[in-house]
Amino acid sequence: MHQKNFLEKIIEKDIKKGFPKENLSFRFPPEPNGYLHLGHVKSIYLNFSLAEKYKCPFILRFDDTNPLKEESKFIKAIKKDIKWLGFKWVKETYASDYFLELYKLAKKLILKGKAYVDSQNKKEIKEQRKSSYEVGIKSPFRNRSKKENIKLFEKMKDGFFNEGECVLRAKIDMNSPNLKLRDPIMYRILKKKHYKTKNKWVMFPTYDWAHGQNDYLEKISHSLCTLEFKHNNPLYNWFILQIKNKKHVILPKQYEYSRLNLNYSIMSKNKIQILIKKKLVDNWDDPRLPTISGLRRRGFTPKSICNFIKEIGISKRENNIDISLLEFHLKKHLNQIADRVMVVFHPLTLIIENFNKTKWLIEKTNNKRKLPFSREIYIESKDFLETKTDNLFRLSIGQKVRLKSAFIIKAKSIIKNNNGNIKYILCKLYKNINKKNNKATLHWVSKKYSFPININFYGKLFNIKFPNKVKHFSNYVNENSKIKAKAYAEPYLKNAKPENKYQFLRSGYFGLDKKSSSKNLIFNQIVSFKKKY
């Protein structure tokens, strides 16, 4: 039985009090200044699940109020990620769709005496706000007349002022212990081309002003956000109360829940941008990053990600999630869908003296396919020990082992080169022997029919568990978080497809990288069988 989280309980309580179910509406409002990461999936999953549960709209609204950072390429990437995860929105909107309405609402606040144009610079305004324990200093322009404020605000819109020359501020309480209420900025001048509205506007609404008013205009019933916006809640409600009219039935309310923090990782677009600029990662889709595009490139599945999000649940308590939980859901799903194949990373040649042909075997245990078995095969070098041990089941002189989906062999002698290194092992093949009596089973590939592939192995991106808690987090990037290697694969992998996942026996799960080609197959390690953290 599904246990309701605290947000569902709030919604159910609202319904019991008389809130019409048909008026429920939820949204996901990303800022198009970067790619989505795992933290965003939590928000998408929450809002989409609620919309699905109550059969109400799920709106995708882009919070595009800052022309300095936002680009259309991020819009495309965000939509691609959401679709890949399996979520569908019924309506796509943009904060910029409401710029004219927001402008009119701002004028309404000015005429109510609740907003004013401040001709001070950013530094002066910040200094006057003081701290939560000090009395704030009121702006010398706070008591401008409504008529003068309207005139100056229109001049701001028409491009009369330079950037930083003035701003529009809400008139609330300069003595509030909540700094968000100390006359927050509603509009600032930015003479930059907006990717969508072009050069139509030279002043832009701040997040604090646009966010709640867009919820109001779109009739969002429950505005759900993470705990870092908790101090915005009183301001969110204050703005709504100033602009509401009697005809508008739905007044949105903001509720906060804990954000997703994953150890050995970071959940911040700004910090990811820093890693990219410093060339510590390749780009937004680097497989070591917790971005959706990075996880997709590495080989994660939408189902495993959503199951992970579902398990961690929704609460008000901040905590750090162990990355092993994500890997648990990943392995569980990959175990169900991945093709089992044989790949040798550190080849050691075995020559089977009593076998002089190639026999094509049929593998039936997972994905049915043909396996070429030849006189010379590769096994992992670690699977041979010159001296037999009782505890480890490996190949050694006089020891019999079973080759996966093939025959029983016994090592007879070692041939070494002039440097004393093993050149190859001479073996004997046994056809008629009970395979069940052999405890050791080794994977292998035919030396003649195998082919080289390139492998990217991935480890933790950071050397410290909580990089989000340190100032110079980029100093703790793990230099060995990506290691390149070569291996030899069975012929089946020549037809590997980007959408498929593969289990390399006794190693882990792998998938094709986007830079892979038919002449140069590159596989990313999705996750190892071994625990790495």
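## The largest pocket

In this predicted model, the largest pocket holds about 1700 Å³ of space. Its lining is made up of 49 residues, and those that lie nearest the centre of the pocket are Glu31, Lys180, Tyr207, Asp208 and Phe229. Two or more lining residues come from each of the elements β1 (26–28), α2 (38–53), α5 (122–129), β6 (185–189), α7, β8 (222–226) and α9 (269–277).

Among these elements, α5 gives the most to the lining of the largest pocket, with four residues. By class, the lining residues divide into 20 nonpolar, 15 polar and 14 charged.

## The cavities

Rolling a probe the size of a water molecule over the atoms shows where empty space is left. The structure holds three cavities of 30 Å³ or more, and the second largest of them has a volume of about 70 Å³. The residues lining this second largest cavity are Tyr207, Asp208, His211, Gly212, Asn232, Leu235, Tyr236 and Gln254. The elements that give two or more residues to this lining are α7 (207–217) and α8 (233–243), and α7 gives the most, with four residues.

The lining of the second largest cavity has three nonpolar, four polar and one charged residues. Tyr207 and Asp208 belong to this lining, and these two residues are also among those that lie nearest the centre of the largest pocket.

## Helix α7 and the residue Lys219

Helix α7 is mostly covered, with nine of its 11 residues buried. The buried residues of α7 are Asp208, Trp209, Ala210, His211, Gly212, Gln213, Asn214, Asp215 and Tyr216; of these, Asp208, His211 and Gly212 are found in the lining of the second largest cavity.

Lys219 follows α7 and lies in the loop between α7 and β8. Most residues other than glycine have a negative phi, whereas Lys219, although it is not a glycine, has a positive phi of about 60°. With a relative accessible area of 47%, Lys219 counts as partly exposed because its value does not pass the cut-off for exposed, which is over 50%.

## The three-stranded sheet and helix α2

Strands of a sheet pair through backbone hydrogen bonds, either parallel or antiparallel. One open sheet in the model has three strands in the order β1-β2-β3, with parallel pairing. Its edge strands are β1 and β3 (91–94), each of which pairs on one side only, and neighbouring strands of the sheet are turned by 30° against each other on average, direction ignored. Strand β2 (residues 58–62) pairs with β3 in the parallel sense over four bridges, and Leu60 has Glu92 in β3 as its bridge partner. Helix α2 packs on the sheet, where it touches β1 and β2, and its direction makes about 160° with that of β1.

The loop between α2 and β2 contains Lys55, a residue that is not a glycine and yet has a positive phi of about 55°. Lys55 counts as exposed because its relative accessibility of 77% is over the 50% cut-off.

## Arg369 in strand β16

Arg369 has its place in strand β16 (residues 369–373). Is this arginine buried or exposed? Arg369 is buried, because its relative accessible area of 7% is under the 20% cut-off. When residues up to four places away in sequence are not counted, Arg369 touches Arg340, Val341, Met342, Leu361, Ile362, Glu363, Glu490 and Tyr492.

Technical notes:
Residues numbered from 1 in each chain as written. Predicted model: local features only at pLDDT ≥ 70, side-chain atom pairs only at ≥ 80, totals over all residues. Heavy atoms only, no water. 1 Å grid on protein atoms, 1.4 Å probe; cavity = no way out; pocket = protein on both sides within 12 Å on 5 of 7 lines; lining within 4 Å. Points joined across faces, edges and corners; volume = space filled by probe spheres on them. Nonpolar A, V, L, I, M, F, W, Y, C, P; charged D, E, K, R; others polar. Buried < 20%, exposed > 50% of the residue type's maximum accessible area, 1.4 Å probe, protein only. Contact = heavy atoms within 4.5 Å. Pairing = 2+ DSSP bridges. Axes fitted to C-alpha atoms, helices over the stretch in contact; angles between N-to-C directions.
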